[in-house]
Amino acid sequence: MFPRRKKVSSEKTTEVPLQLLNEGNTRYGSIHFTGEEDGSSDNTNEDREDIPDEKILSGGFESLDYDHCENELFQQEERKSSKAYIKKEVVRWLVFGLIGILTGLIACVIDNMVVLSTKLKFNYIKKFVDSCVGAEESCLQQPFLTWVAVNAGLVFIGAFMTAVIEPVAAGSGIPQIKCFLNGVKVPHVVRIKTLICKVLGVICAVGGGLVVGKEGPMIHSGAVVAAGISQGKSDTFHVDFKILQYFRSDKEKRDFVSGGAAAGVSAAFGAPVGGVLFSLEEGASFWNQEALTWRIFFASMLSTFTLNIVQSYVKGTPWSLSSPGLFNFGKFDNTNYSGLEIPLFIVMGVFGGLLGAAFNHINYRLTIFRKKYITSRGTQITEAILVAVATATVSYLTLYFNNDCQPMRKDPDEDSVQFFCDDGQYSANAGLMFHTPEESIKELFHDLPGTFRPATLAVYCLCCFFLACWTYGLYVPSGLFIPSILIGASWGRLLAVLLKYAFPSATWVDYSKYALLGGAAQLGGIVRMTISLTVIITEATGNITLGLPVMIVLMVSKWIGDIFNEGIYDMHVHLQGVPLLGWEPSIMLSNISATELMSHPVTVLRSYESVGRIVDILKSETHNGFPVVEDYDPFTEESPDSGTFGTFHGTILRSQLIILLKLKVFEEHDDVQQIKKGLSIKDFRDAYPRFTPIHQIHISPQERNFHIDLRSFLNPGAYSVSHCASFPRIFRLFRALGLRHVVVVNRKHQVIGMVTRKDLARYRITQHFGKVNMEELPIAK
């Protein structure tokens with residue numbers, strides 16, 4: 001009666017056929033459905049071997065339960081908690097405040113450790129370089145080897161911690177947090193061990209000279225802090241403080257993680273408003289505009305305030321409050337621009353979009369190569385060390401062959417390096433290489449005209465582009481914001497130099513302005529964010545005058561980049577096969593109905609179910625939710641009505657069944673009524689988020705014949721859809737309510753199938769050079 005797929009209930013982890021949609025079929029307009037429309041599989045294993053990994057949806061990612069289970073226990077707690085509503089809200093605000101304070105303190109630790117390690121390293125190398133002035137050129141072998149050895153050693157530590165201890169700490173963490181807030185459970189993403197590896201790893205990565213930033217990992221760090229603080233316990237250290245139990249749910253944790261991500265952005269750039277908008281634009285899929293926005297803003301403000309206070313003491317100017325973030329762009333004195341420059345800003349946006357699309361494409365191919373060949377821990381660590389050595393070598397060769405000598409300024413920088421320059425001169429190129437990436441950006445933004453030759457800027461831009469592209473995706477914590485701005489600031493300042501050559505008398509050519517807009521264009525072309533980036537850059541500059549030019553270059557770079565590929569974060573999410581749901585369904589999917597979309601047949605439970613059957617199902621199935629029905633006999637070969645599985649009564653989660661089995665809430669026990677009276681929603685939350693595996697629960701042969709009455713524990717208000725509901729309707733239901741599964745029923749309210757997140761995510765719309773394609777991805781085990 002219906003398309004038959006592998007029996008599922010909540011999370012489908014089996015393969016379904018690959019169905020590519022090309023051009024030509026009238027059913028989908030300009031696209032053609034190759035393969036069977038009913039979703040039945042006739043693909044052989046040999047066919048599947050030809051499917052590239054990036055075209056397979058992973059079955060290993062589960063969904064989070066954002067929907068409340070409104071059973072009798074939940075309703076009892078709601079009636080009691082209504083009296084303690086004010087207390088709960090006060091505690092919630094306090095938790096958000098603590099998240100902001102701790103995130104700010106972590107940012108201080110990262111920043112000061114990076115500055116200290118970088119300063120020690122470059123001062124040590126500078127002594128060798130200065131001692132070689134006037135000596136033979138072979139003298140520079142010692143500082144070069146020292147540079148390579150120190151960088152390789154630091155990167156080895158960071159890569160070892162990531163690849164061996166906690167792989168999810170690699171990268172910026174933004175794609176993983178985006179998935180979490182979208183409703184996907186990413187293993188280990190918000191654990192304390194991940195935070196430790198993230199903090200220490202990013203210190204080693206930046207200190208090791210890699211072209212990475214520490215600002216991106218701050219977002220992940222803030223999210224981990226939020227997830228840990230809000231639960232009042234640590235599973236890593238096996239500590240439970242017996243507090244904040246009412247926040248132990250996926251829905252509550254999601255809100256706190258949104259605040260932690262925003263606090264991370266605020267600490268990174270000193271941009272509390274930008275942090276809120278970042279969580280809204282790039283992260284959170286579900287948003288309470290009134291209450292949650294204010295709490296997140298509160299956490300963001302405390303984060304930047306805490307960082308400001310601590311940094312003022314570190315710098316010896318207590319309470320000066322001049323360091324709102326890990327990185328601010330400095331003061332821009334001349335921010336004037338004319339309407340005649342707007343076409344030039346648009347051109348900069350176009351170039352940033354093209355260069356960003358090229359960056360994403362190269363990184364995409366490189367990531368596919370890594371997934372195929374760099375899979376063992378040893379090769380992952382080796383690659384990180386190789387990149388560290390290559391980065392140090394490229395930097396040295398750049399200094400050696402393009403030694404940009406400039407007259408010494410009145411107030412020479414203590415880190416200025418003479419290198420092969422004459423007395424009274426310093427190497428401008430060495431100034432870029434011997435600083436942290438943040439300091440290099442400030443030099444590109446604010447150094448006087450004539451500081452850098454065009455060749456220096458061009459070579460530095462190319463080196464940063466390819467090194468950053470190679471570095472992002474290594475097994476080290478690394479941010480992409482700073483490298484993107486470095487690339488853009490280089491070609492933006494180069495553009496200003498060329499404009500000054502073309503128009504010597506032009507007063508509107510300001511190096512700082514074009515360097516800033518180049519950085520914004522490049523950042524927008526790579527990450528494809530608009531609103532939050534505009535506010536972050538505006539807050540980081542402390543000047544709203546450039547708000548319109550920044551908005552222009554960000555929007556244009558996004559539009560141009562989207563023609564060729566997607567943003568770097570979305571790209572890496574799809575490469576991992578994560579079932580991420582976008583904001584809106586494509587109109588090309590409007591002709592797909594629930595009967596074509598759903599999984600069928602379905603594993604169902606009866607309202608009064610035997611313990612033995614529940615145990616067998618939990619052991620043999622990996623699903624996390626089951627429809628509960630009436631009028632169904634599971635022991636007959638066919639269900640009462642062909643293709644149906646009983647009258648829908650509600651749904652029950654795997655975790656709930658585990659608790660009921662563990663507490664032995666069996667109807668045949670003499671004290672079952674006492675057990676039920678003693679049960680509360682707290683019994684189901686104490687084990688959150690990792691529940692006891694079913695094989696660790698002992699059920700005797702006699703108990704297998706007992707029964708559990710599920711009616712008091714199931715969710716009677718679970719969402720269901722009619723069999724004729726369209727794909728867009730089901731998609732919006734999932735997206736707006738944060739659902740994990742939806743039961744499909746017929747006109748008689750009988751269960752006929754189930755739709756999960758993976759059923760929706762396997763339909764993917766791609767666009768290349770204006771050509772729109774739709775494909776149905778297979779789901780791997």
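In the predicted model, buried residues account for 59% of the 781 residues of the chain. The secondary structure comprises 27 helices and 20 strands. Among contacts with a sequence separation of 6 or more, 77% join residues that are 24 or more positions apart.

The largest nonpolar core contains 127 residues, and the members touching the most other members are Phe-329, Phe-445, Phe-481 and Ile-487. The greatest contribution to this core comes from helix H16 (residues 481-502), which supplies 11 residues. Apart from residues up to four places away in sequence, Ile-487 touches Leu-355, Phe-359, Cys-461, Cys-464, Phe-465, Ala-468 and Gln-522. A second core of 29 residues is separate and includes Ile-614, Leu-657, Ile-658 and Leu-714. In soluble globular proteins, nonpolar side chains tend to be buried together.

Aromatic side chains form 20 pairs in the structure. In one of these, the ring centres of Phe-144 and Tyr-396 are 4.7 Å apart and the ring planes lie at 40°; the pair is therefore classed as tilted, a category that excludes plane angles under 30 degrees and over 60. Because Phe-144 belongs to helix H4 (residues 141-165) and Tyr-396 to helix H12 (residues 377-401), the pair ties together parts that are 252 residues apart in sequence. Tyr-396 has a relative accessible area of 14% and is buried.

The pair formed by Phe-727 and Tyr-763 is edge-to-face, with a centre-to-centre distance of 5.6 Å and an angle of 80° between the planes. Phe-727 is part of helix H26 (residues 727-737), whereas Tyr-763 is part of strand E18 (residues 763-768), so this pair ties together parts that are 36 residues apart in sequence. Phe-727 and Tyr-763 are both buried. Elsewhere, a single aromatic cluster is formed by Phe-96, Tyr-246, Phe-247 and Phe-256.

Aromatic rings also meet charged groups. The charged end of Arg-254 is placed over the ring of Tyr-66, at 4.6 Å from the ring centre. Likewise, the ring of Trp-583 has the charged end of Arg-735 over it, at 4.5 Å from the ring centre.

An open sheet of mixed pairing is built from three strands in the order E10-E12-E13. Strand E10 (605-606) and strand E13 (647-653) occupy the edges, and each has a single partner strand, so one side of each is left without a neighbour in the sheet. E10 runs parallel to strand E12 (residues 625-630), to which it is joined by two bridges. Within this pairing, Leu-605 has Val-628 of E12 as its bridge partner. Helix H23 (residues 654-662) packs on the sheet, where it touches E10, E12 and E13, and its direction makes an angle of about 75° with that of E13. The pairing of E12 with E13 is antiparallel and extends over six bridges. Here Glu-630 is found opposite Thr-647 of E13. Although E13 stands at an edge of the sheet, five of its seven residues are buried, so the strand is largely enclosed by the rest of the structure.

Helix H20 (residues 568-575) is likewise mostly covered, with seven of its eight residues buried. These buried residues are Ile-568, Tyr-569, Met-571, His-572, Val-573, His-574 and Leu-575. Gly-577, located just after H20, adopts a positive phi of about 70°.

The region around helix H10 (residues 291-314) contains Thr-304, which lies within the helix. Thr-304 has a relative accessibility of 9% and so counts as buried, the cut-off for this class being under 20%. When neighbours within four places in sequence are left aside, Thr-304 is in contact with Ser-266, Gly-270, Pro-272 and Pro-324. Ser-320 is situated in the loop between H10 and helix H11 (342-373). With a relative accessible area of 37%, Ser-320 is partly exposed. Ser-320 and Asn-308 are separated by 12 residues in sequence, and their C-alpha atoms are 8.2 Å apart in space.

Note on methods: Residues numbered from 1 in each chain as written. Heavy atoms only, no water. Phe/Tyr/Trp six-rings, centres within 6.5 Å; stacked < 30°, edge-to-face > 60°. Helix = DSSP H or I, 4+ residues; strand = E, 2+ residues; numbered from the N terminus. Buried < 20%, exposed > 50% of the residue type's maximum accessible area, 1.4 Å probe, protein only. Lys NZ or Arg CZ within 6 Å of the ring centre and 35° of its normal. Pairing = 2+ DSSP bridges. Contact = heavy atoms within 4.5 Å. Axes fitted to C-alpha atoms, helices over the stretch in contact; angles between N-to-C directions. Core = buried A, V, L, I, M, F, W, Y, C linked by side-chain atoms within 4.5 Å.
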